[in-house]
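Work through the exercises below with the sequence and the 3D view open. Each task is followed by a solution in steps.

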Amino acid sequence: MPGICIVGAQWGDEGKGKVVDLLAERADAIVRFQGGNNAGHTIIRDGEVFKFHLIPSGILYPGKRCIIGNGVVVDPHVLTDELDALKARKIDTSGLRISANAHVIMPYHLLLDTAGETKLGKLQIGTTRRGIGPAYADKAARLGIRMQDLLDEKILKKKITAALDPKRLSLRPYVKDPSLDLQSMTEAYLTYGHRLERHIADTARIVWDALDADRLVLYEGAQGALLDIDHGTYPFVTSSNPIAGAACVGAGVGPKDINEVWGIAKAYVTRVGAGPFPTELDDEIGEEIRRRGGEFGTTTGRARRTGWLDIPALRYASRINGLTSLAMTKLDVLSGFEKIKVCMTYSGPDGAEFSDFPYHQSVLHHARGEYIELDGWTEDITECRSPSDLPRAAVDYLAFVAEQLQVPIVLVGVGPGRDQVIWMQESAQLAAVA
Ligand code: IMP
């Protein structure tokens, strides 16, 4: 029963969608297990660009079960738009399944997300303002609306009323907002329910059946380890757990149903939104990486902050995920830099040097990267397809990272296209289903 979990090993936007897309060819089911439409995956297939926020990346393969698991929060407006866009491009979406237990992002969640950020002023998190945090908050408060509730008018109305009641004060500035009208909100969400009904299912059972039949299941994470609400740079994090352990909760499987955990990391680091970033480059090198890497958010269009690769942070991500493999994306973006810096330790304001990712917020906010310099390469590597095509310095860079993490690099990305990858070694689980 092979299961491979794909997770972001940095602050999101590592290129997970492309890796999932590659592996999905051999999988039976692809399950998203957390997050919502705060995520954004770009997949380039035969020169065509596809951008997804909610639908699992495997949807481009007809006949696969593409599952939005119970751990995801679903904005049905966004989901139906994504379905329409795919249908317009003649993509078969009949394989999409949405957990009946997945929670729904409601109009008041969107308003509360923006209101919360505005209230925080200078201290704001820089959320995607998609209502993700407020939806997860309602889930924890047992005031959430679930996909199954969209199929029953009486229940839906009752639950919306109960959810709105404790929010009256915070929603007072929006009291005239038409999206908050109980009757029209209920009607609109029943309509979504009606439209999505054929996709709503007991998705955990679908995953178990695939595992029992010895078919490959991919667990697709969103965001990245350092945005994890428990283990990330709290409070500058998302409201779910993007780490591999959460795949069990968000898909409905046990730990033994995950055989490999692939961490996806860029050859450098990016972050969107506020929060500490010890290797951030505020100079022309950072600007150059942003330009070459096209580092602008898929979801919000915001310019991403950029920095050198951070080994202590990556080691930390490896540990909390239990990484068995690393896929390094966007190696081509580093071509042309004479020297490439890699952060090996941090220094604090008092001159202390430390090599573990700091657990204390104040320490982390003041930590600055301490670097070693590796040789860069000048060759264009976008046409390389095997390790032997790569310049020596690029091979050395990869070997150095693998050695530091004690995690083998299985795959390297050298461009945005689907074929622009180098397989460094075969995965046992993939070999088993080949
Ligand atoms: P939220 O998930 O919209 O609540 O935003 C919380 C933090 O997570 C903000 O810093 C966002 O920029 C960040 N974030 C959320 N989703 C993603 C993503 O898919 N990639 C990168 N950052 C993200």
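**Exercise 1. Place S179 in the chain and describe its surroundings.**

Step 1. S179 sits in the loop that runs between helix 6 (168-171) and helix 7 (182-196). The model is predicted.

Step 2. Is S179 buried, partly exposed or exposed? Buried means under 20% relative accessible area and exposed means over 50%. The relative accessible area of S179 is 29%, so S179 is partly exposed.

Step 3. Leaving out residues up to four places away in sequence, S179 touches P107, L111 and M185. The side chains of S179 and D177 are joined by a polar contact of 2.7 Å.

Step 4. For a distance across the model, take P255: it is 76 residues from S179 in sequence, and the two C-alpha atoms are 41 Å apart in space.

**Exercise 2. Decide whether K16 is buried or exposed, and list what surrounds K16.**

Step 1. K16 belongs to helix 1 (residues 16-24).

Step 2. The relative accessibility of K16 is 4%, and therefore K16 counts as buried. The cut-off used here is under 20%.

Step 3. Apart from neighbours within four places in sequence, K16 is in contact with I6, V7, G8, H41, G221, A222, Q223 and I264. With Q223 there is also a specific distance to note: the side chain of K16 reaches the backbone oxygen of that residue at 2.8 Å.

**Exercise 3. Find the backbone features at D214, K330 and P235.**

Step 1. Start from the general rule: most residues other than glycine have a negative phi, and most peptide bonds are trans.

Step 2. D214 is not a glycine, yet has a positive phi of about 60 degrees. D214 lies in the loop between helix 8 (203-212) and strand 10. With a relative accessible area of 49%, D214 is partly exposed, because exposed requires over 50%.

Step 3. K330, also not a glycine, has a positive phi of about 60 degrees. Its loop connects strand 15 (325-329) and strand 16 (339-347). K330 has a relative accessible area of 24% and is partly exposed.

Step 4. Y234 and P235 are joined by a cis peptide bond, with omega about 5 degrees. P235 is in the loop between strand 10 (217-220) and helix 9 (245-251).

**Exercise 4. State which domains the chain has and how they meet.**

Step 1. The domain assignment gives domain 1 (3-100 + 202-433) and domain 2 (103-198).

Step 2. The centres of domain 1 and domain 2, taken over C-alpha atoms, are separated by 29 Å. To the contact, domain 1 gives 33 residues and domain 2 gives 24 residues.

**Exercise 5. Describe the shell around the ligand.**

Step 1. There are 15 residues around the ligand, and D13, N38, T128, T238 and R302 come nearest.

Step 2. How many residues of each class does the shell hold? Six are nonpolar, seven are polar and two are charged.

Step 3. Domain 1 and domain 2 each supply at least three residues to this shell.

Step 4. Now look at ligand oxygen atoms. One is 2.6 Å from an N or O atom in the side chain of T238. Backbone N or O atoms also lie close to ligand oxygen: 3.3 Å for G126 and 3.2 Å for V272.

Step 5. Taken alone, the ligand exposes 470 Å², and the protein buries 97% of that area.

Notes:
Residues numbered from 1 in each chain as written. Predicted model: local features only at pLDDT ≥ 70, side-chain atom pairs only at ≥ 80, totals over all residues. Heavy atoms only, no water. Near = heavy atom within 4 Å. Polar contact = N/O pair within 3.5 Å; in protein donor to acceptor, adjacent residues only side chain to side chain. Areas by Shrake-Rupley, 256 points an atom, 1.4 Å probe, with all protein chains shown as cover. Nonpolar A, V, L, I, M, F, W, Y, C, P; charged D, E, K, R; others polar. Domains from an automatic or database assignment. Helix = DSSP H or I, 4+ residues; strand = E, 2+ residues; numbered from the N terminus. Buried < 20%, exposed > 50% of the residue type's maximum accessible area, 1.4 Å probe, protein only. Contact = heavy atoms within 4.5 Å.
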